[in-house]
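Biologist: I'd like to understand one part of this model really well rather than skim over everything. Could you take a close look with me at how its sheets are put together and what surrounds them?

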Amino acid sequence: MYECYVQTKEDVIKEVLKLLKDGDKVSCGGSMTLFETGIVEYLRNGKYNYLDRYDKSISPEKTNDLLREALLCDTYFTSSNAITENGELLNIDRVGNRVAAMIFGPKSVIVIAGYNKIVPDIKTAYDRIKNIAAPANAKRFELDIPCAKTGKCMECESSSKVCSYTTVIGYQIPAKKDRIKVIIVGEELGY
Ligand code: SF4
């Protein structure tokens, strides 16, 4: 897997530019890290065919179409809820569009993650997701689910739950080697 390390979030776009071509069709998974590193805004510069899911002028139906079209883009940006020291990427999605794109579809996937996402192993990664990432997302979206209030997973069965799909990406087949590229940033980013 392609991996690189940058010291600060300001260094991220420099690395990203090495991996993009003008005119590429690009898209983003839902991620605070992508906002904090300026990627969401940077992609609006007109050099790329950006499927902008955050465009407030478009309808929910159009947004859903963009999420589907993103599965065939050239480069998909995302973070990861946790990254083990062994290199596994663990993620939990409510809708599933982000984990689907990470696994198959986009020609290239660029994962940007602060060092706070690195954990020793899969068990710790799962704990991190259920007790840090999921509650923080639930709170951000003001969802009426237990972890939004308690800050930890209460194993709820709510129809609004944020953890429908759990994925572990631990290997890329040789034909897809380096399809997923990981940029680790030496700062705390996202959650
Ligand atoms: S199962 Fe419920 S309480 Fe636990 S992380 Fe998911 S949404 Fe939150």
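Modeller: Let's start with tyrosine 5, whose bridge partner in strand 10 is isoleucine 184. Strands here are DSSP runs of E with at least two residues, helices are runs of H or I with at least four, and both are numbered from the N terminus. Please keep in mind that this is a predicted model, in which local features need pLDDT of at least 70 and side-chain atom pairs count only at pLDDT 80 or more, while totals for chains, interfaces and linings use all residues. Residues are numbered from 1 along each chain as its sequence is written.

The bridge at tyrosine 5 is part of a pairing between strand 1 and strand 10 (residues 180-185): five bridges join these two strands, and they run parallel. Two strands count as paired when DSSP finds at least two bridges between them. Now follow the pairing outwards, and you meet an open sheet of six strands in the order 1-10-7-4-2-3, with parallel pairing. Strand 1 (2-6) and strand 3 stand at its edges; each has a single partner strand, so one side of each is left without a neighbour in the sheet.

At the strand 3 end, valine 26 is a handy place to stop. Tyrosine 50 is the bridge partner of valine 26 in strand 3, while threonine 75 is its bridge partner in strand 4. The pairing of strand 2 (residues 25-28) with strand 3 (residues 49-50) is parallel and has two bridges. Strand 2 also pairs with strand 4 (residues 75-78), again in the parallel sense, over three bridges.

Valine 26 comes up again when we look at phenylalanine 77. Leaving out residues up to four places away in sequence, phenylalanine 77 touches Val26, Cys28, Gly29, Leu34, Ile39, Ile110 and Ile112. Touching, or being in contact, means that the C-beta atoms, placed from the backbone, lie within 7 Å. Phe77 is also one of the residues that touch the most other members of the largest nonpolar core, along with Ile39, Val111, Ile112 and Ala134; this core has 45 residues. A nonpolar core is a set of buried Ala, Val, Leu, Ile, Met, Phe, Trp, Tyr and Cys residues joined through C-beta atoms within 7 Å.

Just ahead of strand 4 comes a loop that starts after helix 4 (60-69), and alanine 70 has its place there. Is alanine 70 buried or exposed? It is buried, because 23 other C-beta atoms lie within 10 Å. The cut-offs are these: 20 or more other C-beta atoms within 10 Å of a residue's own make it buried, 12 or fewer make it exposed, and anything in between makes it partly exposed, with C-beta atoms placed from the backbone. Neighbours up to four places away in sequence aside, alanine 70 touches Ser27, Leu51, Tyr76, Asn97 and Ala101. Arginine 128 is 58 residues from alanine 70 along the chain, and their C-alpha atoms are separated by 27 Å.

Arginine 128 takes us to helix 6, where it is buried together with Ala125, Ile129, Ala133, Ala134, Pro135, Asn137 and Ala138. Strand 5 (82-84), strand 6 (89-93), strand 8 (118-119) and helix 7 (146-150) are included in what covers these buried residues. Just after helix 6, glutamate 142 takes a positive phi of about 50 degrees.

Some of those covering strands belong to another sheet. This one is open, has four strands in the order 8-5-6-9, and shows mixed pairing. Its edge strands are strand 8 and strand 9 (165-169), each paired on one side only. Strand 6 and strand 9 run antiparallel, joined by five bridges. For a single example, leucine 89 has isoleucine 169 as its bridge partner in strand 9.

Finally, let's visit some loops. Asparagine 116 sits between strand 7 (108-114) and strand 8, and it counts as partly exposed because it has 16 C-beta neighbours inside 10 Å. Beyond four places in sequence, asparagine 116 is in contact with Glu188 and Leu189. Glutamate 155, in the loop between helix 7 and strand 9, is exposed, with 9 other C-beta atoms within 10 Å. Its phi is positive, near 50 degrees. Aspartate 178 lies between strand 9 and strand 10; with 10 C-beta neighbours inside 10 Å, it counts as exposed. Aspartate 178 has a positive phi too, near 70 degrees.

Conventions: Contact = placed C-beta atoms within 7 Å.
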